[in-house]
2 protein chains.
Amino acid sequence: MTVTKYPESETDVLIIGAGPAGLMAAYWMARYGVKARIVDKRAEKVMLGHADGLVPRTLELFDSCGFNHRVRNEGVAAVISTYWGLNEEGKLVRQEHSGENTESRMPFVHTLLGQGRLEQFILDSIHENSSIKVERGVVAEGLSFNELDQEDHSAYPITIQLRTLNSEKPVNGETHAQNGPIKLENGIVNRQPSDESNGVPPQIQREEKVEIVKARYLLACDGARSWTRTQMGLPMEGSSTEYVWGVADVVPISNFPDIRRLAMVENAAGSILIVPRERNLMRLYVPMPKGQDTQTPDAENGTTNGRRDKSTFTPDDLRKMVQAILSPWDFDFKICEWFSAYGVGQRVASTLSRENRVFLAGDAAHSHSPKIGMGMNMSLQDGFNLGWKLALVAQGAADPSILNTYNAERLPLAKMLVEYDRQISSQFTKDENASEDIQKTDARTIHQEFEDFYEGRKAFYPASNLVHKLSRPRPGEKFPVRKLLNQARLDTRWTTNILESDGRFRLVVLAGDIRFPMQKDRVDQLGSVLPSILNRYIAPISQFDGPINTLTIHSSPWDEVEYHDFPEVLRPFDEVMGWAYDRIWSERACTYDSECEGKAYEKWGVDLVRGAVAIIRPDQYVGWVGELEDTAGMTKYFDQILRKAPTACNGNAETD
Amino acid sequence: MTVTKYPESETDVLIIGAGPAGLMAAYWMARYGVKARIVDKRAEKVMLGHADGLVPRTLELFDSCGFNHRVRNEGVAAVISTYWGLNEEGKLVRQEHSGENTESRMPFVHTLLGQGRLEQFILDSIHENSSIKVERGVVAEGLSFNELDQEDHSAYPITIQLRTLNSEKPVNGETHAQNGPIKLENGIVNRQPSDESNGVPPQIQREEKVEIVKARYLLACDGARSWTRTQMGLPMEGSSTEYVWGVADVVPISNFPDIRRLAMVENAAGSILIVPRERNLMRLYVPMPKGQDTQTPDAENGTTNGRRDKSTFTPDDLRKMVQAILSPWDFDFKICEWFSAYGVGQRVASTLSRENRVFLAGDAAHSHSPKIGMGMNMSLQDGFNLGWKLALVAQGAADPSILNTYNAERLPLAKMLVEYDRQISSQFTKDENASEDIQKTDARTIHQEFEDFYEGRKAFYPASNLVHKLSRPRPGEKFPVRKLLNQARLDTRWTTNILESDGRFRLVVLAGDIRFPMQKDRVDQLGSVLPSILNRYIAPISQFDGPINTLTIHSSPWDEVEYHDFPEVLRPFDEVMGWAYDRIWSERACTYDSECEGKAYEKWGVDLVRGAVAIIRPDQYVGWVGELEDTAGMTKYFDQILRKAPTACNGNAETD
């Protein structure tokens, strides 16, 4: 890139792409107050179509961000799924249904809602917490990376040229995505969702301009055909097998009994996946028959990884295919809100980071079919996993080595995702090239095999300076969600909501049953030592005193102990706001809230009397677990990650 | 009122006062598309303070309006309440707590949230459904009622003169209400809630203007000192006993154990009521000691029904009183968001309506103390009860005689409210004039006596053309809330949410267990007759075909019957939107949602196999109950209320 006369500026973090991955990372920048910019080449945010599946783990994250109630209000929960196939008489029948015995419970169950709404919720939260705005209609067109500056994390090794487009020149980078209702022959369109306008207002004239931005960190969240990834020369690896799928959001007119349920239908005419959606919509996935799946090569990277030429596929084609498969039941639609056809191979980047300065997240890091409903979840979780770590480092509050864990934690999951998708896709399309194992296995078996991954019960995060593998609750996994009773207020709340994603580590004191004097002594002893740990490190967020917050969950009945029985460090005092009443909770069941079932300690594998201490990372994954007395272990955990405050008092905290 | 040269216009419904009662009535005008205006003399909507208690029944109404999730997200649920008093050693101790065994269950439990937020939720809903806007800074200053026009419901018997004030002249009608944070000596104020600005922007200059409005119906929702009520000469009746209370919203700094719980504290120094609130606030009610409760007479109606002179009462006075009562515990605050002192006698209007053209609702109809937390609920429910009836009549779809039921249904409840408040207030202030009965009774006993009323389990609505007293579910009472499983989608929803407050009567077909062929025959037979009932009446709402909608709740397991097993009239077909999948539900329990407990039929007292038919009014109260065969009864119920469509087909429906 040549040096030009364009205006130059600096930013700590530049995010390219304002889809789920980029927005979720931007959420953290907003919460930590990081100097960051987020740009997107499209002039308008996604309104219709695209991804729509949310797994329980993602809803838990949303709860910690404070907007899961909006998802519950608008989305469709789909727990039961049904399987349809031909019986011995060649008749299409419902063969099985599953899901009743899932471990997932309301409000954290598989939920369907269009991507545009979720992006709106994240945008609203970014807006509430910061002045960061998505800059739309802004294209990156030049990128250089200065190898010399990599080790110096205060340097700006990334130089990027951005072009702000005149809004009257819409960017049509995704030629086959329909970002608006499709008018059918009778002119009927479905109503638009109530998204705020979130783009460049078409009526506003703006000057096209070019600028140079220098950044300390760059996030490539610009999709499967990531320009940024290509510029950085980061290769994708994986199968070249390409399945082409027709996808549509329609309002179905059908007497097929499971047209409003999550259903897989398969017979001689083909197979389809039916997904219920908000606003009377349904999402349809139909694999294209062999021979009809001609593709237009992608101009940018020479592969066919991308969308199919729309001219060979219309909503009418899709209608006919579904009619054939669902026969003898009727199927039709008058409203098609969005449709697309695409073929995506299963591919994963060989690494998610370059020198811990440039990172790939979301579809830029892993491409696969949309059928298992995991893509948006993976993207959101990528951005969530990377964002807080990067923010901590950008604020100078954490050691840059924690950035290594992004690749270590997310790349294995990306590979697992792609393998899951490969198996399901092969099963769906009866691929003759698939291995014999896959051909013998049916979709149900594959889903069962990947269930822990899919439901988000297990993340399989490996040991690192952020994850010390010890005991239970299991470090590297999420903190299992339970509803708890607040000691001071006696209201109930989910742990996900209590563990608000505000950027702080949580030192969770599982205080056990303090009705036993010996146990109360242990808690008091911990309380006398804790201040020296809490005050030891630099505060990355201006509104908080430090990077660590405590949360106490005891196992005594609420009416046999008092809030003020706990050491003051666990219920800190502020001279204006008084005591912090949201810090002490009981794990006991609550009679007036059937969701507050008690037995949280049992679920977590913690002794009811003696308790334990768990360190929960800002993304709600367990980092460390130990006894109440192991303050040395707690200090060691944080010392490996966080920078000490200049005035840090070592107090009673021992380091080794 | 003299005839002037002021511009004249007409409206069907004019609502004076945009508090809870007026807004709730306006909600219905918005849903029905009635030509209506709503004016308020204040330049700005309530932002802080005022009422804050929501009983379960109100939350059910909000759920039917579609915004209860916002209340849950922001409000504080307070189920447990505690009682503190002196023990034998003269020490202040917690003597008892209650509430664990309440019949109320999440999400419909007693919840606290400031009035300003609720008004915002209703305003947002009105905005989504209509172009009705609250006109603020508009004062009514002349009113005449033409007796001759009363019987002709197409006439405009009400003439009113409205003055739109220049926004720079704020109306200070409520001199002692603080509509903004109070700056204390150290200059600290609490953050403002995120309400949209909902007033006359102070920077906008507007011309003061006067206009004449002719209205068919007038709603007086202008508070305890209602100008409209006075103009109409509608008297208030009741005790002249006046208690003066100090009220404040503060962020407490206190080590009193129950400072974040619903608590009543009583000792020699006095008594206080502690109410937990959103945003770390607490609401305090303190009865003023005798002798300090001097009042300024109300200029408008010569009573002291209104606020006390603020100059005799400050937050510092309140602080000292609470400190004395809570001693030996500490109590202080740095933030006081709102405070007021007022004395309100227990008074009820002798009638809620004049000739069914002018109606009183909310505080204009009943004044009482705020301590039992029912005032805003009664106001909301008044507006809710009146609104749909008035809208139906204004649209020409219902017989004006249904307006009689407003007074018949709400006046007895207003009297019950005031009696409840009188008993509680006397108990609180140890009124020497109170009857011996009351002095002997304690607050707990009084609360228990009124519990059915308070919790909203019973409304005690008498028989009328809207309520036919028959059997169970009990006409005149609400339809008991249960969570149901959707037959087509298999998702779960509360009956309150399914019975959306969209203005239509619901013909609820409790279809029983249609696995029994005889029962299926009964349902099919009903299905063949129903169209003639559904198509018999004028449609009051343009977007719907008629004023009656069906809802089917069966008792079969979802996987043993199909959606299409039910007659098509119960799952109507639209050629664009397909079949209506949200009309058929199962009452069975659902494994993945602990709130979906099943046994709805048992709760409602309906036979599991044979079922029943219930007619639910637009406000979710049961109007009629009968057997599946009693189509004559159904027709008779509707014929007494609704106007027949000119093209009405009598079909098989019999009238008698």
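Mentor: Two strands count as paired if DSSP finds at least two bridges between them. Helices (H or I, at least four residues) and strands (E, at least two) are DSSP runs, numbered from the N terminus. This is a predicted model, in which local features need pLDDT of at least 70 and side-chain atom pairs count only at pLDDT 80 or more, while totals for chains, interfaces and linings use all residues. Residues are numbered from 1 along each chain as its sequence is written, chains are lettered from A and ligands numbered from 1 in the order in which they are written, and side-chain values use heavy atoms, with hydrogens and water left out.

Trainee: Which residue stands opposite Arg347(B) in E22(B)?

Mentor: Strand E19 of chain B, residues 347–349, is joined to E22(B) by two bridges. The two strands run antiparallel. Opposite Arg347(B), the residue in E22(B) is Ser367(B).

Trainee: Which strands of chain B stand at the edges of the open sheet E12-E19-E22?

Mentor: The three strands form an open sheet with antiparallel pairing, in the order E12-E19-E22 of chain B. An edge strand has a single partner strand, so one side of it is left without a neighbour in the sheet. Strands of a sheet pair through backbone hydrogen bonds, either parallel or antiparallel. The edge strands here are E12 (236–238) and E22 (366–367) of chain B.

Trainee: In the sheet E3-E7-E4 of chain B, which residue of E7(B) stands opposite Gly53(B)?

Mentor: That open sheet has three strands with antiparallel pairing. Its edge strands, E3 (53–54) and E4 (76–77) of chain B, each pair on one side only. E3(B) is joined by two bridges to E7 of chain B, residues 111–112. Gly53(B) stands opposite Leu112(B).

Trainee: What relation do chain B and chain A have?

Mentor: The copies are superposed by least squares on the C-alpha atoms of residues with pLDDT of at least 70 in both. A rotation of 180 degrees with 0.0 Å of shift along its axis puts chain B on chain A, at an RMSD of 0.0 Å. The relation is therefore that of a two-fold axis.

Trainee: How much area do chain B and chain A bury between them?

Mentor: Contact (heavy atoms within 4.5 Å) involves 53 residues of chain B and 53 residues of chain A. Buried area is the accessible area (1.4 Å probe) that two parts lose on being put together, summed over both. Carbon and sulfur atoms carry 58% of it, and the total is about 4,900 Å².

Trainee: Which element gives the largest share of the side of chain B that touches chain A?

Mentor: The interface has 16 residue pairs in polar contact, both residues at pLDDT 80 or more. A polar contact is a pair of N or O atoms within 3.5 Å; within protein, one must be able to donate a hydrogen and the other to accept it, and residues adjacent in sequence count only if both atoms are side-chain atoms. The elements of chain B that give two or more residues to this side include helix H3 (68–74) and strand E18 (331–344). The largest share, four residues, comes from E13(B).

Trainee: Which residue of chain B meets Glu562(A) in a salt bridge?

Mentor: A salt bridge is a side-chain nitrogen of Lys or Arg within 4 Å of a carboxyl oxygen of Asp or Glu. The rule finds two of them across the interface of chain B and chain A. Glu562(A) is in one, at 2.9 Å from N to O, and its partner is Arg94(B).

Trainee: Where in chain A is Pro328(A)?

Mentor: The peptide bond from Ser327(A) to Pro328(A) is cis, with omega near 15 degrees. In chain B, the bond from Ser327(B) to Pro328(B) is also cis, with omega near 15 degrees. Pro328(A) is in the loop between H6 and E18 of chain A.
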